[in-house]
Structures are given as C-alpha cells and as structure tokens.
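Me: I have just opened my first protein model and would like to learn how to read it. Could you walk me through it step by step?

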Amino acid sequence: MPGQVEADTARLIRQIKRALGLEVEPTPVEVRLPEPKPSPATPSRNWQIGGALLAVIALLGVVLTLLNNLPSSLNPTPTTAVAVIPSQTPGIEPTAFDPVQIVGLTQTFEAGQTLTTINATVDAIATGTRAAQQTAEAATLTAMPTRTPTLSPLQATYAAETGYDYRAGNAAWTPITQDFDGVTMVLVPAGSFDMGSTQAQIDQGFAMCQQTVDNNATCERDQFEAERIPVGGNTQTLASFWLDQTEVTRAMYQQCVTAGDCEVTPDSNYSTQPDQPINNVNWVQAQNYCTWRDARLPTEAEWEYAARGPDELLFPWGNTFDGSRANHCDSNCGAARWASGYDYVNQENDDGYAATAPVGSYPAGASWVGALDLSGNVWEWVSSLAQSYPYRATDGRENLANRTDLRVLRGGAFYSPSYNLRTVPSTTNSPTAENENYGFRCARSS
Ligand SMILES: [Ca+2]
Ligand SMILES: [Ca+2]
C-alpha cells in the first residue's frame with residue numbers, strides 16, 4: 001500500500017508539527033471547483049517519500065533549535081515535543097522507523113516500531129496538548145451575555161418587509177438587523193431569483209480563473225459547468241428568513257461548548273482569537289450549534305440569495321471582483337510558508353491577514369442584506385446535501401437526518417483565489433469532515 005505509506009508519513013509530520021505548535025498547511029479540500037493544490041508539480045512517488053523523510057529530519061532541526069535557543073517561557077510545552085528520525089534511506093519505503101529520537105523525554109519508541117504504533121502515541125500526545133490548550137483558552141475567552149430568549153417578532157420589521165418587492169432589486173432593500181440572544185442577524189426578505197450561473201457568468205468565472213492563475217492549464221472549463229442554470233430554469237422562491245450577520249466566531253461557539261451542548265473542535269493555527277471564525281468544525285457540529293441557538297443552517301438556496309439577491313450578483317458587493325472587500329489569498333497569504341506552492345496569489349491586495357480575519361473586517365464586502373464575509377474568510381457549511389441542479393428543497397436534499405452523504409459549503413476561504421469567492425460555486429465534503437478552511441453561520445425562519 002505505497003499510497004497509504006505516503007499518507008501515513010504526511011500525517012505523522014502534520015501531527016508532530018501540531019504537537020509543537022508549528023505551522024501546518026491547510027488541508028486541501030475536495031472541491032466541485034478545485035483550487036490549485038498547495039504542493040507544486042507531481043513528483044515521483046520515491047521522490048515524495050524522500051522529501052517527506054527529509055522534511056521530518058529538517059523538522060527535528062527546528063525542534064532542537066527551539067528547545068536549545070528559546071527562553072523557557074517560549075518553549076512550547078517541552079514535555080510534549082516529539083521528533084522522529086526514520087532510518088531508511090530516502091527513496092526507500094518507510095515501513096518502520098528506527099531508531100526514534102524523542103525530545104522531551106516523555107516517550108520512548110523502540111527500534112522497528114511501525115508507523116501505526118508511532119502514530120497512536122503521537123495522537124495521544126497531541127490530544128493531551130490540545131486538551132490543555134483548550135482549558136487555558138476557555139479561561140481567556142470573553143464572557144458572553146447570559147442566554148435569554150428574545151424571539152418575539154418585531155412588528156416594525158414585518159411592516160417594512162411587506163413593503164418590499166424583490167422585483168425592485170437589491171438597492172431597494174434597506175438592511176434590517178435584530179439581536180437574537182446576543183447574536184446579530186440580518187433579515188433576508190421574501191423574494192425570488194435564478195440560482196446558478198448563466199452562460200455569461202460561467203464565461204466570466206472561467207476568464208477570472210485564466211487571469212488569476214500562473215498556469216492556464218489549471219483552469220478547466222468543465223469545472224465551472226456545475227454552476228450552470230439547467231434547462232427548465234432554477235428559479236427559487238423563498239420565504240423571508242434571518243441569517244447571522246457574520247460567520248460564527250470562536251467565542252460564540254465556545255458558549256455552547258461551555259454549556260456542555262457542543263463538541264470541542266480541534267485547535268487550529270489559522271483561527272485562534274475569540275473574534276475569528278470557528279473553523280475545523282464539521283457539518284454535524286455546525287448543525288448542532290445552530291440547533292442549540294434555536295436556529296438552523298441556511299439552505300444552499302438561502303445562502304446564495306442572501307449573497308447575491310434578486311440582482312443575482314457574482315459577488316456580494318457587485319459583479320466585479322474587488323480584493324479589498326474579502327479575505328482571500330492576497331499577498332499576505334502568498335507570503336506564508338504554507339502558500340509557497342500556490343500559483344494564484346493576488347499580489348495587488350494585502351489585508352494583513354494570511355489566514356482568517358476577525359469576522360466583519362470587510363464592511364465594504366457586505367451583501368445587499370448587510371451580511372458580512374459571505375465571500376472569503378472561511379467556507380460556510382449549508383444544510384443541503386450535494387446534489388445537482390435544479391435545486392429542489394423538497395427532493396430529499398434537505399434531509400437533516402442523513403449523516404453520510406456529502407454536504408455543501410459556500411463562499412471560499414482565506415486561502416482561495418478570487419474566482420472561488422464568487423456567489424455561485426460550491427465545494428462539498430462529508431458531514432463529519434473538518435478542515436481549517438471550514439466554518440458556518442446560522443439562519444432561522446422569520
Ligand atoms: Ca488575506
Ligand atoms: Ca465566509
């Protein structure tokens with residue numbers, strides 16, 4: 001199983017890096033509209049293995065440097081620092097590691113131990129580190145207001161909504177916000193729109209890809225076809241609903257964890273502050289959190305309507321990309337070590353955030369209803385199963401009890417190229433898959 005050996009080796013390296021608090025590349029996502037992979041070219045398998053082993057050896061050097069040179073106060077939990085030296089010559093399949101050197105002196109691996117054994121031990125160490133970090137983090141998160149139901153309907157809101165005709169377009173709507181238990185939500189008025197891309201919009205997306213990437217060969221027109229409005233149309237007529245103004249933050253999610261109603265999610269170097277979006281969260285966890293708030297995930301149609309409105313815009317702010325209005329892979333992202341292989345970095349913008357930004361950092365990127373960061377920052381889980389167009393809410397794709405089939409995410413993320421920040425493409429993954437690029441926001445029926 002050579003492929004499995006490579007996967008195990010890469011996984012081991014990631015685990016060690018995580019345990020040491022070092023930077024780890026965002027996990028590549030499975031995309032209906034793939035983004036260029038973070039690693040360059042496709043080396044031969046032996047070269048890949050050799051590179052992985054050399055990376056482990058190089059990592060040991062970093063570890064020793066850290067432990068030898070840093071003041072003890074900066075030493076990231078030395079008792080959990082682990083490094084592994086494979087004895088095999090690069091290019092030879094590493095079926096076992098021998099000998100294994102341990103930094104921190106808490107673990108000893110015997111010669112000839114298999115990757116499975118080593119992985120299990122590293123897993124246990126990483127889990128212990130994570131638990132300690134989460135305990136410390138919980139103590140520092142900003143205290144949130146006591147949860148008090150505020151679900152009474154606002155008569156003024158509905159009076160305003162009644163006066164809105166979606167045929168008047170996006171500009172005719174004035175955003176309305178309401179506080180629900182300390183969370184600001186925006187009202188999306190009832191209306192209708194065509195979900196997906198027209199021929200002209202597909203052409204525009206493909207042209208953006210060609211202009212963005214360094215190598216045109218990575219743009220495949222077929223990848224944009226999934227957005228196409230099918231013959232017979234894809235018109236969606238929606239009732240009004242509320243949508244979180246921002247992505248769910250780490251502080252918001254932590255409230256539910258503290259209450260004992262939500263699962264703890266893995267730590268991530270890409271989102272660390274209370275006002276940054278929760279990431280590394282899977283669909284089931286997102287759904288549970290929204291339910292805890294007496295809310296739900298938006299459907300794929302609701303998300304797209306909130307992002308583009310009856311004007312059917314390609315970006316929340318208009319039909320032309322503006323790199324200052326959303327967190328994507330700009331020059332700051334491109335300068336990050338993990339982005340060294342990206343071939344689509346936008347050097348024209350620099351928002352100062354290589355990874356996630358605090359939610360609401362791009363007010364000029366607001367959509368017509370006042371929702372922020374729908375494009376960029378983190379991909380957002382929606383409730384819908386990944387099924388082809390036309391979208392029909394009643395055809396089974398909104399069955400929330402299905403915990404096996406792929407679910408949809410929308411909007412692109414901090415490491416994405418501009419063309420994946422459009423309002424129409426989607427990515428998909430298992431409902432139990434987590435990723436440093438995945439977050440969400442909640443909705444509730446009005
Ligand atoms: Ca950025
Ligand atoms: Ca987003």
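Reply: Happily; we will take the features in turn, with the general idea before the case.

Me: How far can I trust what I see, and what is the average pLDDT of the chain?

Reply: Keep in mind that this is a predicted model. Where pLDDT is low, the predicted coordinates should not be read in detail. Here the chain averages a pLDDT of 78, and 63% of the residues score at least 70. Over residues 28-106 pLDDT stays under 50, although the model has 139 contacts beyond four places in sequence for them. Residues 1-5 also stay under 50, with four such contacts in the model.

Me: Good to know! How many helices and strands does the chain have?

Reply: The chain comes to ten helices and twelve strands. Of its 446 residues, 40% are buried. Look also at contacts between residues at least 6 apart in sequence: 74% of them join residues at least 24 apart.

Me: How do I read a sheet, and which strands stand at the edges of the one containing S4?

Reply: Strands of a sheet pair through backbone hydrogen bonds, either parallel or antiparallel. In this model, one open sheet of four strands has the order S3-S4-S7-S12, with antiparallel pairing. S3 (177-180) and S12 (443-445) are the edge strands; each has a single partner strand, so one side of each is left without a neighbour in the sheet. On average, neighbouring strands are turned by 35° against each other, direction ignored. To trace one pair, follow S4 (residues 183-188) and S7 (residues 241-244), which are joined by four bridges. Within that pair, Met185 stands opposite Asp244.

Me: In what order do the strands of the sheet with S8 lie?

Reply: That open sheet runs S10-S9-S8-S11, and its pairing is mixed. Its edges are S10 (426-429) and S11 (438-440), each with a single partner strand, so one side of each is left without a neighbour in the sheet. Neighbouring strands here are turned by 45° on average, direction ignored. For a parallel pair, look at S8 (residues 379-385) and S11, which share three bridges. One bridge there pairs Trp379 with Tyr438.

Me: Which strands does helix H9 lie across?

Reply: H9 (residues 300-308) lies across S4, S7 and S12, at about 85° to S4. H9 also lies across S8, S9 (407-410) and S10, running at about 135° to S8.

Me: What should I look for in a core, and which residues have the most contacts inside the largest one?

Reply: In soluble globular proteins, nonpolar side chains tend to be buried together. The largest nonpolar core in this model has 72 residues, and Val186, Leu243 and Ala306 have the most contacts inside it. Click on Leu243: among the residues it touches are Met185, Val186, Pro298, Ala306 and Ala443.

Me: Which residues of helix H8 are buried?

Reply: First the idea: an α-helix has 3.6 residues a turn, so residues three or four places apart point the same way. In H8 (residues 283-292), the buried residues are Trp283, Gln285, Ala286, Gln287, Tyr289 and Cys290. They pack against H7 (250-258), S8, S9 and S11.

Me: And in a strand such as S5, which side chains point to the buried face?

Reply: In S5 (residues 191-194) the side chains alternate: Gly191 and Phe193 point to one face and are buried, whereas Ser192 and Asp194 point to the other and are not. S5 runs antiparallel to S6 (residues 235-238), with four bridges between them. In that pairing, Ser192 faces Thr237.

Me: What backbone details are worth checking, and what is the phi of Asp181?

Reply: Most residues other than glycine have a negative phi, and most peptide bonds are trans. Asp181 has a positive phi, near 55°, and is found in the loop between S3 and S4. Asn280 has a positive phi of about 50°, and its place is the loop between H7 and H8. Tyr389 and Pro390 are joined by a cis peptide bond with omega about 10°; Pro390 is in the loop between S8 and S9.

Me: One last stop: why does Glu434 count as partly exposed?

Reply: Glu434 has 19 C-beta neighbours inside 10 Å, and a residue needs 20 or more to be buried. Glu434 is in the loop between S10 and S11, and its contacts include Thr265, Pro266 and Asn280.

Conventions. Residues are numbered from 1 along each chain as its sequence is written. Chains are lettered from A and ligands numbered from 1 in the order in which they are written. This is a predicted model: local features need pLDDT of at least 70, side-chain atom pairs count only at pLDDT 80 or more; totals for chains, interfaces and linings use all residues. Two strands pair if DSSP finds at least two bridges between them. Helices (H or I, at least four residues) and strands (E, at least two) are DSSP runs, numbered from the N terminus. Axes are lines fitted to C-alpha atoms, for helices over the stretch in contact, and angles run from 0 to 180 degrees between N-to-C directions. Two residues are in contact if their C-beta atoms, placed from the backbone, lie within 7 Å. A nonpolar core is a set of buried Ala, Val, Leu, Ile, Met, Phe, Trp, Tyr and Cys residues joined through C-beta atoms within 7 Å. A residue is buried if 20 or more other C-beta atoms lie within 10 Å of its own, exposed if 12 or fewer, and partly exposed in between; C-beta atoms are placed from the backbone. pLDDT is the predictor's confidence in each residue, from 0 to 100.
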